[in-house]
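Biologist: I have a model open and would like to go through its packing. Can we take it piece by piece?

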Amino acid sequence: MTRIDIYGTDKWAEIPSSWDEMTPAQIRFVFKTYDECLRKGASPLDFNIRVLYHLLGIRRRTPAWKIAPESPLCENIYMLCERCLGFLFTDSGAGSADGATAGSSTRRLTLSCKRLDNPLPTLRVSPFRVLHGPGTLCQDLTFGEFRQASAALNQFFKTSDVSELDDCIRHLYRPWSFRTNRAGRCVRPIGSDGSLREIKAIARVPMWQKNLILVWFSSCLDYLQKEKVIVDGDEIDMHLLFSGEGKSGKTEAFTWTDLLVQIAREGTIGTMAEVDREPLFSIFSIMWSNYKENKRYEKASKTK
């Protein structure tokens, strides 16, 4: 946390110094404010003031257009924003949302969120209808939900068609159900009745919420292909599964659908439909087991 001392008094305040220190409500405010500033053509200074005042708990603020550029207040605002809000912005990288993402062609601010816990756990798509999203690092997704959502997101990055992003969200956020699926979520499965209604409802979701889901899910995808995860006490190095051990030669990309076919062909779980119903992290365990088995086979072959 960053401590701010109020000059001339004994008062002070603390504000987050990273995305990890922000509450889900604060993250939602930043994305909503960012979207509003882009749509209304507000200045970066106005965005900074609104975010800074919100984090400080100040309800009444001076509009940016009323602050003279040469005034001490303006200088202090710029200084505080530069020192305290720099973590909000980045030039590039996975998990970024800028004006070129869903719903805007203006490039003024670039936000990066590396949070792995979902800051938007539910989507209210109508006064009486709520969709439930994944938990931290998508651990409670089935392999089918994750596979289809990632495929739709990849298609969105290729085409910039917002309907592809809507399709991604449709696979992540599902209506509530009395039955618990194999991944532990009480949601209806993909392809159940009402899918068309869900697509139309998600199309009406505010763009700032779509961008927040886009950033969060992109960060999860990036993490799950580069970092280490713990499954049932076993540490799985995802980088080894997806990148090999330092090999520089490039091969055709291995997709999640390829993995689906491979596991179904092995017959350890069953058909492709049955593999899709398995928890995502159970699939990672199978991948890791196969990886270690292949390494043991390679080692044994070299010693013969």
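Biologist: Which residues are in contact with Phe 284, leaving aside its neighbours within four places in sequence?

Modeller: This is a predicted model, where local features need pLDDT of at least 70, side-chain atom pairs count only at pLDDT 80 or more, and totals for chains, interfaces and linings use all residues. Residues are numbered from 1 along each chain as its sequence is written, and side-chain values use heavy atoms, without hydrogens and water. Contact means heavy atoms within 4.5 Å. On that basis, the partners of Phe 284 are Leu 224, Ile 236, Met 238 and Trp 256.

Biologist: Which helix gives the most to the largest nonpolar core?

Modeller: Such a core is a set of buried (under 20% relative accessible area, 1.4 Å probe, protein chains only) Ala, Val, Leu, Ile, Met, Phe, Trp, Tyr and Cys residues joined through side-chain atoms within 4.5 Å. The largest has 76 residues, and Trp 19, Leu 123, Phe 217 and Phe 284 touch the most other members. With helices taken as DSSP runs (H or I, at least four residues) numbered from the N terminus, the top contributor, with 10 residues, is α7 (residues 207–224).

Biologist: How are α5 and α7 oriented to each other?

Modeller: The axes, lines fitted to C-alpha atoms over the stretch in contact, with angles from 0 to 180 degrees between N-to-C directions, come within 11 Å and cross at roughly 70 degrees. The contact includes Leu 165 and Ile 169 of α5 and Ile 213 and Phe 217 of α7. Angles of 65 to 115 degrees count as roughly perpendicular, so α5 and α7 are roughly perpendicular.

Conventions. Buried means under 20% relative accessible area, exposed over 50%, partly exposed in between (1.4 Å probe, protein chains only). Helices (H or I, at least four residues) and strands (E, at least two) are DSSP runs, numbered from the N terminus. Angles under 35 degrees count as roughly parallel, over 145 as roughly antiparallel, 65 to 115 as roughly perpendicular and the rest as oblique.
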